[in-house]
Amino acid sequence: MMASSSLSHQQSVESEPFSEFEGEGFAVCRKGYDAFINHRGPDVKQSVASEIYSFLQRMGYRAFLDEPELKLGDPIPSNIQNAITTSIVQLCIFSPRYAESHWCLDELLLMLKTKARFIPVFCDVRPSDLRHPHKGVYAPAFAEYEEKGRFSNERLQQWKEALHSSSLFCGYNFSTSNDNVKTLCKDIALAVKQEVENTRCMEVAKYPVGLDELVEDFERQTTEKGNIVGIFAMGGSGKTTLAKELFNRKRRSYHGSSFVFDVREASAKDELTCLQSQLLKDLFLEDHKFMSKNEGSSHLKGRMGRSSNQFLIVLDDVDDRQQLDALLFRDALNSASLVIVTTRDESVLTKAGITSHFKLKEMKKCHAKELFCRHALGQAKPPGRYEKLVDSFVDFCGGLPLAIEVSAANLFGTADVNTWQSELQKFKSSLNLEIKAKLGISLGRLDREQKQIFMDIACFFIGKRVSMGIRIWKGSGWNAEHTIQTLKDKCLLEIRKKPTWVVGNRRCEFQYDGPFVFKMHDLLRDLGREMAREMDVQTSSRRLWRPQDLKLLEEKGLKNILTKSKDKKIRCFNSVFDLSMKSQITYFLGNSDERDLPMTDLLWIELRLNEHEWTSIPSWIPLENLQCLRIIGGHLQRLWQKVGQGPSQLKELLLYRTSSAEFPFELRMLNNLEKVVIQGSFTNMPIIDGRSLSDSLGELGNLRILVLGNCELHADLILSNSGYPESECTSTAICTKLKRVGIQDGNLASKVSVSGEYWPSLKYLVLDSVKNLSAVHLWLAKPLDRLKLKNCKQLKSVSGDLDKGKLTQLIISNCSRLQELPTQLASDLSSVEVDCFIPFNGNKDLKGIEYLHLSNGKVKKYKTYCTKLSKIINMPSS
């Protein structure tokens, strides 16, 4: 390290290296170093040692070199000893006169005793000079030591053995007169950097509970899915923690690595160029300050394109595509490199073309409990008296690590159970500021409309069907589908699938509300409700969801609310048994805050009626802006009392176990209807005239879905005159948008006739358990994609011309009397499931079939023209 002439203090007493300074009470500042540079000053201090030190300093690493590191008044030996014992890498520069410094030799002895990485640098000497110090360049120095007798033979032997041991390490060998010293010094600094990075681990978490399992999940889901992976989740979920752990575990496998923190924050401060400079420095050890993002992008892209090195890069907390454009260069990146991007917004990954996504889920209950106990109690499990309290805290935190750590930290050192109870109530009643700030980051990027829908979900729709919310928000004039996707991308909302609607033992083909429901983290729910409370103060519009508010509305009754409170604007979703109406009513009142609408803007209503209570919908219920009407039960003579009372804006209509004498005549006046479901019961089948229904449907130019369940249709259902006598079709109106038709569990006259001329958009037709149905005629049904005929035991014929159709799925099940199929099936038919009597008659047009299911039936004259047929299931023995 230092030449002996640099020290005035000389010891005449023989002792172990540095042992004379132990126990003397020197005030040593205990600092950890990345590298210790052992050298003889007069030989290499101004050249090799200083160059290496400067390179390491510029790269951000802490190296010990005597003059820069030692200050006036510092105890030199003690600080040297501290630097050696705390360094990650020991760098020893052997020069021709190195052995003349006994301080260098003593430092070498101590360096070899540590477990640090040892890197020798042979500067103008050869390893053989160290291997035989008694006869090489170091022989004169040892001869002088022996002549003066200052050091014992034992010490001299230790030095010789240390030099010999050093010669056996792989190191750097160069000549200062012939080689490019600066380049070699940079290479040495890079080697030190690599060793330091391989040893130094980024601090991940105080208590890394469940992290091993999380890493396993990540590896399992992302392996072989590309070298750019996105981790996304809501704020406070532990995305950065996981990224740090992955970075620590993987960095040793790459030539260079860089962890870029807080990309979102840097972008907000217009400091992306600083992050570009960081990448350049981390990966290529180059210091350069870019004047613009374009300059940085161009330089980095070129630099990466010219390098064959494999890099590990983490871009943490990205929230905009432009940030990735400035920091991610997939075309220039080595294919063996790995980039990990963390974000709150999944759409950022999708827009950037990143296809490998890993969603960070909530912590498991067992891990959440342990993490809470570690922070609150300093142990893995709670004592018995804390068990229920810990469960309550953890349940409220909902598996969010940030909330768990913050709530637990407030309890650390507190043993009083009553204090825990009090803190739990505070935590539930008001969001902690740190948690609120973290969760609120994503909300800050939402526009006004998106915030309104977020607050609606938080207040009203958690656990409710997605289709219900969409219909209501469209009635408020909001872009519902796009907003839901935005909230989902930003991890502010989840969509879960619930079991399908089952009638008897069978799943319904068309669910009225769809299978998907809204799910939101409890803390996000509370944040949304807090936003709603703040908005109540700022605007005249209010959201009512708290029990005390709803109770007040229930006491007033819906009629009283609608007729006597017109001066107020509220949004409210409520379900109550209304005593004044003697019926269960569920309704949504609301309006857009950007529209000057009265409080009586009724958007959604469900009426559960007693059998003889109402003869029609009362006139005091405002239907002019109604989007969805559901009537369950009751016996109505007509749907509404006056012709002008009809809900002209109505999009969806459900009549369940409800009979109406004038239905479906009243349907034809609802020109905006998109979905109609009429569902009877086995004991109460609505009676519908088939001809009248055909006429009514022809008037509904916006109808997309029609479902008839347990209905009794008088007369054939004919929406065609092609191939039939003209007298059989009573209407020439065209139902242009109808895509899905399902008829299930009903009685029908003998025939269903569908023509592509009148239903030009029909893609999905289901006839299930329809009694008396004997014939289905399909004529020029060009867009028909799926056809299901199930449990129609009287069905004998499916006829028509499908030659130009797009049918990709045909399922015929339990139609035991079926004897005729169309002579020509679509050649691209890919899936056929047959459970019936089918006379194929060598139909060559079946050659495109790849899958064939035949069971419990008989097949006549079957010939294998199905050249693509790959699978037959349950082929009958006959």
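**Second largest cavity**

I started with the residues around the second largest cavity, in what is a predicted model. The lining is made up of Arg264, Asp317, Val318, Asp319, Thr343, Arg344, Asp345, Ile441, Ser442, Arg445 and Lys490. I sorted that lining by class and got seven charged residues, two polar and two nonpolar. Which elements each supply at least two residues of this lining? I found strand E8 (311-318) and helix H20 (433-443). The volume comes out at about 80 Å³. For context I also looked up how many cavities of 30 Å³ or more the structure holds, and there are ten.

**Largest pocket**

Next I went to the largest pocket, which has a volume of about 1,100 Å³. Its lining takes in 44 residues. Which of them lie nearest the centre of the pocket? My note reads Ser237, Gly238, Lys239, Thr241 and Pro401. Several elements give two or more residues to this lining: helices H9 (211-222), H10 (239-250), H16 (365-377), H18 (401-409) and H20, plus strands E8 and E10 (356-359). So E8 and H20 turn up again here, after I had already written them down for the second largest cavity. By class, I have 17 charged residues, 17 nonpolar and ten polar in the pocket lining.

**Whole chain**

I stepped back for the overall numbers. The chain has 878 residues, and 53% of them count as buried. I get 27 helices and 39 strands. The exposed area is about 39,800 Å², with carbon and sulfur atoms supplying 47% of it. I also checked contacts between residues at least 6 apart in sequence, and 63% of these join residues at least 24 apart.

**Positive phi: Cys491 and Ser769**

I looked at backbone angles next. Most residues other than glycine have a negative phi. Cys491 has a positive one, near 60 degrees. I placed Cys491 in the loop between helix H23 (480-489) and strand E11 (494-497). Is Cys491 buried or exposed? I have Cys491 down as buried, because its relative accessibility is 9%, and the cut-off for buried is under 20%.

Ser769 also has a positive phi, near 55 degrees. This residue sits in strand E30. Ser769 counts as buried because its relative accessible area is 17%, which falls under the 20% limit.

**Tyr764**

I stayed with strand E30 (residues 764-771), where Tyr764 is also placed. Tyr764 is at 4% relative accessibility, so I count this residue as buried. What does the side chain of Tyr764 pair with in a polar contact? I found the side chain of Lys788, at 3.1 Å. I then checked Tyr764 against Ile705, which is 59 residues away along the chain. Their C-alpha atoms are separated by 9.7 Å.

**Leu706**

Leu706 was my next stop, in strand E25 (residues 705-709). With a relative accessible area of 3%, Leu706 is buried. I left aside its neighbours within four places in sequence and listed what Leu706 is in contact with: Val676, Leu697, Leu738, Arg740, Val741 and Gly742. I also looked up a C-alpha distance for Leu706 and Val677, and the pair are 6.0 Å apart in space. In sequence, Leu706 and Val677 are 29 residues apart.

**Ser616**

Where does Ser616 lie? I put Ser616 in the loop between strand E18 (602-608) and strand E19 (628-632). Although in a loop, Ser616 counts as buried, because its relative accessibility is 8%. Not counting residues up to four places away in sequence, I noted that Ser616 touches Leu636, Arg638, Leu639, Trp640 and Gln641.

**Thr419**

My last entry is on Thr419, in helix H19 (residues 417-429). Why does Thr419 count as partly exposed? The reason is its 30% relative accessibility, because partly exposed covers the range between the 20% and 50% limits. I also found that the side chain of Thr419 makes a polar contact with the side chain of Asp416, at 2.9 Å.

Technical notes
Residues numbered from 1 in each chain as written. Predicted model: local features only at pLDDT ≥ 70, side-chain atom pairs only at ≥ 80, totals over all residues. Heavy atoms only, no water. 1 Å grid on protein atoms, 1.4 Å probe; cavity = no way out; pocket = protein on both sides within 12 Å on 5 of 7 lines; lining within 4 Å. Points joined across faces, edges and corners; volume = space filled by probe spheres on them. Helix = DSSP H or I, 4+ residues; strand = E, 2+ residues; numbered from the N terminus. Nonpolar A, V, L, I, M, F, W, Y, C, P; charged D, E, K, R; others polar. Buried < 20%, exposed > 50% of the residue type's maximum accessible area, 1.4 Å probe, protein only. Polar contact = N/O pair within 3.5 Å; in protein donor to acceptor, adjacent residues only side chain to side chain. Contact = heavy atoms within 4.5 Å. Areas by Shrake-Rupley, 256 points an atom, 1.4 Å probe, with all protein chains shown as cover.
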